[in-house]
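Good morning, and thank you for making time for this item. I would like to take you through one chain, beginning with its overall fold and ending with two points in its backbone.

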Amino acid sequence: MSARASIIPVFVPHLGCEHACVFCNQRRISGAQKPATAEDVKNSIEQAAAFLPQGGKRQLAFYGGSFTAIPAEEQEALLTAAKEALDRGEIDAIRLSTRPDAIDEAVLARLRRFGVETVELGAQSMDDAVLRLSGRGHTAADVERASKQIQAAGFRLILQMMTGLPGSTDEKDVETARKIIALRPDGVRIYPTVIVRDTALCDMWRAGKYREHTVEDAVRVCAEILPLFEAAEIPVIRLGLNPTDELTGGAAVAGAYHPALGELVKSRILLNKARALLRGVEPGSRVTLTVGKGKTSQMAGQHRENVRRLTEEFGLAELKIRENPELNGEILLFSVEKRA
Ligand code: SF4
């Protein structure tokens, strides 16, 4: 955790959620969950105080997806505990995540009253057919309306999108990224679809009604999407589900679950850039590519996969990588020795 921003998470399960997002297991596991309480907020802040680095911004984050859709009294109880901690200087900011159709002026007025700084919206897709097939229960127009209201009310806006949802394609996922960029959020999270046990999506997949969005599918499409956000100077604050013992221990039954997905995507972006540079290089050449400081392993890929692919695709005699501290995400063709 960096000294710049420390997150103190409080998970707010959405018990009795009326929606049926196919990838979500809230309904089926809600019997095992308890609602979050003001006491949980206080305890989380107290426990975090012991290990968070000094000097960084401490943000209390209500996670769980639908904060403003839970009963108003529960929201107020949690927000009261958070605001008291904010006023005492124990935390520096409050953030929460919610659904686009659970935002209106009254909701935003409440959040402002309790000092919330950042609102994170699960957009997931900007394609209405994909949203419908995914059981989201809202439209792309809801995302646009809610995003504009949040920004107009002066909150920081973070948008979440998913890739590989039912009915989606790489083109639709890229289009979703473009539409999200047009909304100018302060940051985005990208979650390639993971098939979690005890979900409708898992049933659909087992019945052959949904094709798994594999790690390779996610890497391919995210390697297109990430540069779009970078070019638009919109920070991607998360790529891929946070690895947890539960997911790693079997709850993620298929789909794009990989503890280092972000690294794989960055490595693929460098592979694509190298491909563009090597176009036209004569087969049999000895090539050296230059990358930024600390980027050698990203360029080489997991188990030197990128080196193997490039060597094969371009028929190279040799491919070397060297670092140049002045380069950042860029790569350059340092030297090409043609076959004698
Ligand atoms: S992801 Fe969908 S189904 Fe799950 S809690 Fe949120 S709104 Fe409800």
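Two residues are taken to be in contact if their C-beta atoms, placed from the backbone, lie within 7 Å. Please keep in mind that what you see is a predicted model. Among the contacts in the chain with a separation of 6 or more, 79% join residues that are 24 or more positions apart.

As to secondary structure, the chain contains 13 helices and 12 strands. Its radius of gyration is 22 Å, close to the 20 Å that the globule rule gives for 340 residues, so the chain is as compact as a globular protein of that length. The C-alpha trace spans about 80 × 50 × 40 Å along its principal axes. Of the 340 residues, 39% are buried.

I turn now to the backbone. Which sign does phi take in Glu233? The value is positive, near 55°, in a residue other than glycine. Glu233 is located in the loop that runs between α9 (215-231) and β8 (236-239). Is Glu233 buried or exposed? It has 8 C-beta neighbours inside 10 Å, and a residue with 12 or fewer is classed as exposed, so Glu233 counts as exposed.

The second point is Arg304, also a residue other than glycine, where phi is positive and near 60°. Arg304 belongs to the loop between α12 (296-300) and α13 (305-313). Because Arg304 has 14 C-beta neighbours inside 10 Å, it counts as partly exposed.

That concludes my presentation, and I welcome your comments.

Note on methods: Residues are numbered from 1 along each chain as its sequence is written. This is a predicted model: local features need pLDDT of at least 70, side-chain atom pairs count only at pLDDT 80 or more; totals for chains, interfaces and linings use all residues. Helices (H or I, at least four residues) and strands (E, at least two) are DSSP runs, numbered from the N terminus. The radius of gyration is taken over C-alpha atoms; the globule rule is 2.2 Å times the number of residues to the power 0.38. A residue is buried if 20 or more other C-beta atoms lie within 10 Å of its own, exposed if 12 or fewer, and partly exposed in between; C-beta atoms are placed from the backbone.
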